[in-house]
Amino acid sequence: METQRGITIHATQDGKEHFGEYGNSFSLLDYLSKHTPFTLQAPCGGKGRCGKCKIRIIGGTPSPVTDTERTLLHPDELSAGIRLACMVNPETDLSISLEGEKKVQGNKSFRFSHPLPVDGSLHTLVLELVPPSLEDQRSDHSRLLSALATEGLEVPTPLLLDLPQVLREGKWRVTLIAQKNRVLSILPSTLVEGQSSNPASRIFGVAVDIGTTTVAAYLFDLYTGVHIDSQSELNAQGAFGGDVISRIQYALESLSNLRRLQEKILTQIDELIHRMAIRTGIHPAQICMACIVGNPTMIHLTLGLNPKYIAEAPFIPVTTEPLFVPTHELGLSLSAGGIVRIPPAVSAYVGSDILAGVIASGMATSTMRSALLIDIGTNGEIVLGIGDRFIACSTAAGPAFEGAQITCGMGGVAGAIDGVIRRNLPVLAEGLQGPDSTPCPTHPLSFTTILDAPPVGFCGAGIVDLLAILLETGMVDETGRMLSQEEGKRQGHPLAEWLITYDDEPAFLLVPADKSGTGMPILLTQQDVREIQLAKAAIAAGIRTLLQKANLTFDEIRTLYLAGGFGNYLNPRSAIRIGLIPKELEGKIQSIGNASGLGASLALLSEKTFSLFQQVRERTSYIELSSSPEFQELYVEEMMFPS
Amino acid sequence: MGILEEISEFLQKGKANEVKALVQKAIDEGMDAKTILEEGLMAGMNVVGIKFKNNQVYVPEVLIAARAMNAGIALLRPLLVKEGVKAKGKVILGTVKGDLHDIGKNLVKMMMEGKGLEVIDLGTDVPADKFIAMAKEHNANIIACSALLTTTMTEMKNVVEKAKESGIRDKVVIMIGGAPVTDNYCKSIGADIYRPDAATAAEAALEVCGK
Ligand code: B12
Ligand code: FES
């Protein structure tokens with residue numbers, strides 16, 4: 001290959017621009033992920049398998065279109081200049097644009113209307129210091145310590161960084177926030193008093209849920225437990241692969257890669273916190289505490305720990321213990337004396353995010369009857385609670401429900417189709433609008449999109465809904481076979497008119513090209529159905545395996561808690577129709593939204609809840625499905641759809 | 001419908017009991033084992049393979065069909081030995097070290113058996129050395145490796161290297177597959193054949209052994 005020296009890249013996303021030297025990057029994806037602040041999702045980690053790392057060439061000459069791109073991209077996309085970033089190298093200076101896909105749906109269920117319980121472990125102390133003079137030349141530190149002499153409080157060294165300004169800005173009156181005997185923050189009293197008459201109510205904390213796909217942060221008032229603000233985004237590590245194994249693999253290639261992943265996530269968390277602080281008009285030094293949950297890989301990458309042995313059997317993480325990390329060690333711009341709480345995890349694939357779900361759902365404290373918790377993400381984690389004990393497993397369902405591996409799949413962002421319903425299409429006079437504003441009035445199905453944006457693709461909930469309808473109407477049979485266009489014609493069902501042939505395969509067309517937000521048709525192909533079969537069978541088989549191991553029948557299950565963004569949007573009836581959730585659990589399903597975020601918030605506000613994580617973990621046993629013959633058998637059985 | 005077509009039809013539907021009964025009937029009628037195998041069982045499995053490749057049937061149907069095929073083969077085995085019918089080739093198959101996924105690998109095995117190849121299945125978590133040792137011991141035509149994790153995929157490279165080191169590289173064809181594997185990857189590690197699915201894997205294997 002020719003040397004690429006001297007080539008510059010001009011990239012834009014969401015109106016932001018970036019210029020840079022291509023250097024010896026090995027693909028545009030590599031360049032964009034390392035040298036620009038832009039986010040690009042690359043679920044397969046740049047292996048040319050997923051077809052999701054799309055960019056648009058605006059000017060310049062890229063390397064010729066590869067066979068891989070010819071298979072993964074539609075001819076219309078290619079002619080519109082769409083390429084796969086992981087397959088392209090520039091041959092001249094290039095100008096490209098990235099789709100702005102960063103925005104995640106506005107936390108629908110995530111406004112806590114009631115304050116969460118706080119345990120009052122924080123205390124504030126207002127100190128009046130004697131101002132220095134030529135006669136009294138004690139250092140700022142000594143002055144502070146002598147004023148504190150009777151309190152027995154410890155002042156962490158990083159707080160000295162801002163001490164001079166804080167003392168002077170506060171005119172030698174400062175407010176200290178402490179937990180036990182550790183000072184978390186020192187604030188100029190003027191600042192605190194300027195905001196509120198009660199200084200105690202101006203101290204904040206942040207709960208963070210780091211998902212492989214989405215990162216969410218919640219700002220709380222630490223004294224009152226009132227939820228102030230929240231922010232979420234797609235995980236900035238998305239350019240390094242959509243699943244934990246791809247991220248681990250990237251991290252293992254070199255130490256600088258591991259550092260890069262750590263930096264990506266820490267910068268992102270910091271940005272989310274900053275944004276909330278600015279929006280609500282508070283000073284970062286007023287944020288004294290954070291609590292971070294996530295799957296063990298995410299926690300390892302956040303702490304910069306080596307994730308190597310998580311990826312290979314027998315799957316051993318560096319740590320699953322609860323940790324208290326000073327904020328300055330992570331470079332987070334909260335109060336320099338602040339503490340980041342990291343709750344414990346169960347095992348390599350069942351993390352603090354899942355324990356957080358167990359706690360948020362109430363399963364941790366209720367010992368009444370048995371309940372199940374499922375967090376459907378790339379790794380479908382399932383917990384069965386029986387009395388005060390828990391058994392857990394992780395089913396590696398894959399990212400199909402997050403839209404990866406699905407032709408028109410996408411994450412839960414603006415424009416994603418998140419619900420599909422059958423329309424009663426009684427005789428509509430020609431030219432009349434249907435009962436709703438579906439773009440295609442003749443289509444027997446209508447749909448909703450996230451933020452009501454023009455349809456761009458499907459997120460998991462939309463896929464499940466559509467598939468349920470296709471099964472119900474016989475367009476797809478119980479083995480997962482989709483009728484071909486000809487078979488559909490013969491069958492004569494109104495839906496059958498929308499069966500088409502796409503890439504030599506049967507497909508069901510939901511949104512024709514001219515009605516979609518991208519100018520491309522939105523459809524579900526035969527291959528997509530196969531991918532869903534693999535994913536939904538993993539979840540269903542995981543549930544059944546746990547029940548078998550515990551010798552329990554479905555009758556004994558009181559509630560099935562569905563956690564996670566997907567669980568929140570999923571229509572339970574559709575989930576049962578496609579066999580993602582066993583029919584026996586009908587009527588027992590309860591969506592609890594981002595339970596991990598709620599659990600993290602609870603642990604942020606209360607030490608007691610934080611220690612509950614440890615107790616739950618001790619009462620949890622982990623079932624490794626890789627060595628379970630029951631799972632294997634159930635998995636294949638569950639690939640079929642219920643008839 | 002002749003009895004052989006009937007065997008093939010029932011096999012495609014995965015009806016093990018019917019297949020067994022019909023194979024027995026064919027044997028009793030004096031048909032030779034090779035014909036029953038090739039024109040009944042293998043013909044049926046071939047149809048299943050084509051449908052699988054075209055996404056018309058999926059994993060469960062293939063597994064059930066394979067179960068029916070095996071029920072028939074069990075009856076034929078002693079007769080095939082007596083008739084001196086030999087397998088068309090030998091394949092050493094396994095999932096590489098560190099990887100415990102085996103559903104795809106099992107499908108590859110069934111499809112290859114459906115083509116009349118003898119498959120020595122080493123199971124999962126198989127170290128590179130073991131592939132080589134077994135290939136030597138059985139004088140195999142093909143080493144076929146499966147991997148489902150991007151992290152264990154790299155183990156396939158070791159298999160290629162070890163085959164070179166032990167001097168059998170020119171005697172054995174190395175075939176690789178599994179969801180994260182691509183043709184480019186196959187080329188980059190110096191393996192011989194990549195196929196995206198079990199049916200085409202079996203076709204390619206048969207072609208290799210026919211040479
Ligand atoms: C089932 C499953 C499991 C089961 C495995 C059961 C079993 N005994 O096989 C269990 C739950 C135990 C499991 C465990 C794990 N899994 Co898993 N698993 C899956 C899942 C859902 C389906 C895999 C499958 O069986 N596919 C069906 C078969 C038929 O397809 P196939 O294997 O690709 O085979 C076809 C072709 O590839 C080809 N082929 C296969 N082999 C060969 C060989 C040759 C020579 C040729 C020519 C062709 C060929 O032919 C086959 C048929 O056409 C996938 C996700 C998904 N939706 O695909 C994840 C997935 C593979 N698992 C994954 C992970 C991370 C794990 C775990 C590490 C984590 C966990 N949460 O437990 C562990 C690791 C265990 C280990 N060390 O191997 C990841 C891998 C990610 C990556 N980047 O590598 C995936 C992709 C899910 C995800 N995105 O997170 N898993
Ligand atoms: S195809 Fe480029 S990241 Fe998957």
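The following exercises, each with a worked solution, concern a predicted model.

**Exercise 1. The site of ligand 1**

Task: Determine which residues come nearest to ligand 1 and which chains surround it.

Solution.
Step 1. The surroundings of ligand 1 comprise 45 residues. Those that come nearest are Gln632(A), Leu100(B), His101(B), Ser146(B) and Thr150(B).
Step 2. Because residues from chains A and B surround ligand 1, the site is shared between chains.
Step 3. By residue type, the shell holds 26 nonpolar, 14 polar and 5 charged residues.
Step 4. Several elements each supply at least two residues of this shell: from chain A, helix H7 (244-253) and helix H20 (629-638), and from chain B, helix H5 (103-113), strand S3 (142-146), strand S4 (173-177) and helix H9 (198-210). The largest share, 4 residues, belongs to H5(B).

**Exercise 2. The cobalt atom and the nitrogen atoms of ligand 1**

Task: State which protein residue is a donor of the cobalt atom of ligand 1, and describe contacts that chain A makes with nitrogen atoms of the ligand.

Solution.
Step 1. The cobalt atom has His101(B) as its only protein donor, through NE2 at 2.3 Å.
Step 2. In the chain, His101(B) is found in the loop between strand S1 (90-95) and H5 of chain B.
Step 3. Two side chains of chain A place an N or O atom beside a nitrogen atom of ligand 1: that of Gln632(A) at 2.4 Å and that of Ser394(A) at 2.9 Å.
Step 4. Ala397(A) contributes a backbone N or O atom, 3.2 Å from a nitrogen atom of the ligand.

**Exercise 3. A sheet of six strands**

Task: Give the strand order of the sheet of 6 strands in chain A, and explain why its edge strands each leave one side without a neighbour.

Solution.
Step 1. The order in this open sheet is S25-S24-S15-S16-S17-S26, with mixed pairing.
Step 2. Strand S25 (589-591) and strand S26 (620-622) of chain A stand at the edges; each has a single partner strand, so one side of each lacks a neighbour in the sheet.
Step 3. On average, and with direction ignored, neighbouring strands are turned by 20° against each other.
Step 4. Strand S24 (residues 557-563) of chain A pairs with S25(A) in the parallel sense over 3 bridges. Within S25(A), Ile589(A) is the bridge partner of Leu560(A).
Step 5. Helix H12 (residues 352-361) of chain A lies across strand S15 (370-375), strand S16 (381-386), strand S17 (389-394), S24 and S26 of chain A, at about 135° to S15(A).

**Exercise 4. A sheet of three strands**

Task: Describe the sheet of chain A that is formed by S21, S22 and S23, and name the helix that lies across S22 and S23.

Solution.
Step 1. The 3 strands form an open sheet in the order S21-S22-S23, and their pairing is antiparallel.
Step 2. At the edges are strand S21 (499-502) and strand S23 (522-525) of chain A, each of which pairs on one side only.
Step 3. Neighbouring strands here are turned by 45° against each other on average, direction ignored.
Step 4. Strand S22 (residues 505-511) of chain A is joined to S23(A) by 4 bridges. One bridge partnership links Leu509(A) to Leu523(A) in S23(A).
Step 5. The helix in question is H15 (residues 526-550) of chain A, which runs at about 65° to S23(A).

Methods: Residues are numbered from 1 along each chain as its sequence is written. Chains are lettered from A and ligands numbered from 1 in the order in which they are written. This is a predicted model: local features need pLDDT of at least 70, side-chain atom pairs count only at pLDDT 80 or more; totals for chains, interfaces and linings use all residues. Side-chain values use heavy atoms; hydrogens and water are left out. Two strands pair if DSSP finds at least two bridges between them. Axes are lines fitted to C-alpha atoms, for helices over the stretch in contact, and angles run from 0 to 180 degrees between N-to-C directions. Contact means heavy atoms within 4.5 Å. A residue is near a molecule or strand if one of its heavy atoms lies within 4 Å of it. A polar contact is a pair of N or O atoms within 3.5 Å; within protein, one must be able to donate a hydrogen and the other to accept it, and residues adjacent in sequence count only if both atoms are side-chain atoms. Ala, Val, Leu, Ile, Met, Phe, Trp, Tyr, Cys and Pro count as nonpolar, Asp, Glu, Lys and Arg as charged, and the others, Gly among them, as polar. Donors are N, O and S atoms within 2.8 Å of the metal (3.2 Å for Na, K and Ca); water is not among the atoms, so sites may look incomplete.
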